[in-house]
Amino acid sequence: MRSGRHAADDGSFGRSAAGSVIRGAVLIGVAVVVGFVVLAAFDPPATRTVTAEDGGEVAVPEASTTTTTPATTDSTAPAPPAAHDPATVTVLVANASGVPGVAGAITDTVITPNGYQTAAATNADANSATSTLYYQAGYEADAANVAALFNPVPATAVLAEPYPVDDLAGANLVVVVGQDLAATVG
């Protein structure tokens, strides 16, 4: 090797540098994808604060915003269903607490005064320590609104078989009152 010369004149330095640039760009792309995956997996759920019937404030989880997005996005995607007029929504309250009369009391003091149609209060098929508000497809927003009427706020879930009661009585929403909500009825 002669003094002042650092590379061969055969173009190998250019090929080597181009290969390094490509490997670096691929590595950065992989790091960005991994970063998005990690952020999506560990991002805490959003909440909103609503005023409860007693005047206190309750934190209610927002609907999940974590979705799998296709390579191309469509800005005309349908919006989530809006809440219906309460007068057109039928709510069935089912007692799963083991405390007699709780379903009827909640129907009379929480559901009816807020303008919802009601089915006759009933008993759930099994007792539960915690309450759950089940909703028919398309009634997600209504379920969130009714759940916000309670403290503690019950979990919400899609109504699916096996149903928590023998007869849905045409209800769009089913509030299964567990021991947690039964303790608040006085």
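In this predicted model, the largest nonpolar core comprises 21 residues, and those with the most contacts inside it are Ile 111 and Leu 173. The elements that contribute two or more residues to this core are β3 (90-95), α2 (102-111), β6 (132-135), α3 (140-147), β8 (173-177) and α4 (179-182), and the largest share, five residues, is supplied by α2. Ile 111 itself, leaving aside residues up to four places away in sequence, touches Val 91, Val 93, Ile 106, Tyr 116, Thr 118, Val 146 and Phe 150. Apart from this core lies another one, built of eleven residues, among them Leu 92, Ala 94, Ala 124 and Leu 168.

These cores belong to a chain with four helices and eight strands, whose elements, followed from the N terminus, succeed one another as α-β-β-β-α-β-β-β-α-β-β-α. Of the 186 residues in the protein, 26% are buried, while the accessible surface comes to about 11,900 Å², with 58% of that area belonging to carbon and sulfur atoms. Among the contacts between residues at least 6 apart in sequence, 73% join residues at least 24 apart.

The strand β6 offers a useful route through the sheet pairing. Four bridges join β6 to β7 (residues 155-158), and these two strands run parallel; within this pairing, Tyr 135 stands opposite Val 158 in β7. The chain passes from β6 through α3 to β7, and the resulting β-α-β crossover is right-handed. Four bridges also join β6 to β8, but here the strands run antiparallel, and the bridge partner of Tyr 134 in β8 is Val 174. In a regular strand, the side chains alternate between the two faces of the sheet.

Just ahead of this strand, Ser 131 has its place in the loop between β5 (122-123) and β6. Although it is a loop residue, Ser 131 counts as buried because its relative accessible area is 4%, under the 20% that sets the limit for a buried residue. Its side chain reaches the backbone nitrogen of Gly 178 at 2.8 Å, and the side chain of Ser 131 also makes a polar contact with the side chain of Asp 180, at 2.6 Å. When residues up to four places away in sequence are not counted, Ser 131 touches Pro 154, Ala 155, Val 176, Val 177, Gly 178, Asp 180 and Leu 181.

Methods: Residues are numbered from 1 along each chain as its sequence is written. This is a predicted model: local features need pLDDT of at least 70, side-chain atom pairs count only at pLDDT 80 or more; totals for chains, interfaces and linings use all residues. Side-chain values use heavy atoms; hydrogens and water are left out. A nonpolar core is a set of buried Ala, Val, Leu, Ile, Met, Phe, Trp, Tyr and Cys residues joined through side-chain atoms within 4.5 Å. Buried means under 20% relative accessible area, exposed over 50%, partly exposed in between (1.4 Å probe, protein chains only). Contact means heavy atoms within 4.5 Å. Accessible areas come from the Shrake-Rupley method with a 1.4 Å probe; for residues, only the protein chains shown count as cover. Two strands pair if DSSP finds at least two bridges between them. A crossover is right-handed if, with the strands pointing away from the viewer, the path from the first strand over the helix to the second runs clockwise. A polar contact is a pair of N or O atoms within 3.5 Å; within protein, one must be able to donate a hydrogen and the other to accept it, and residues adjacent in sequence count only if both atoms are side-chain atoms.
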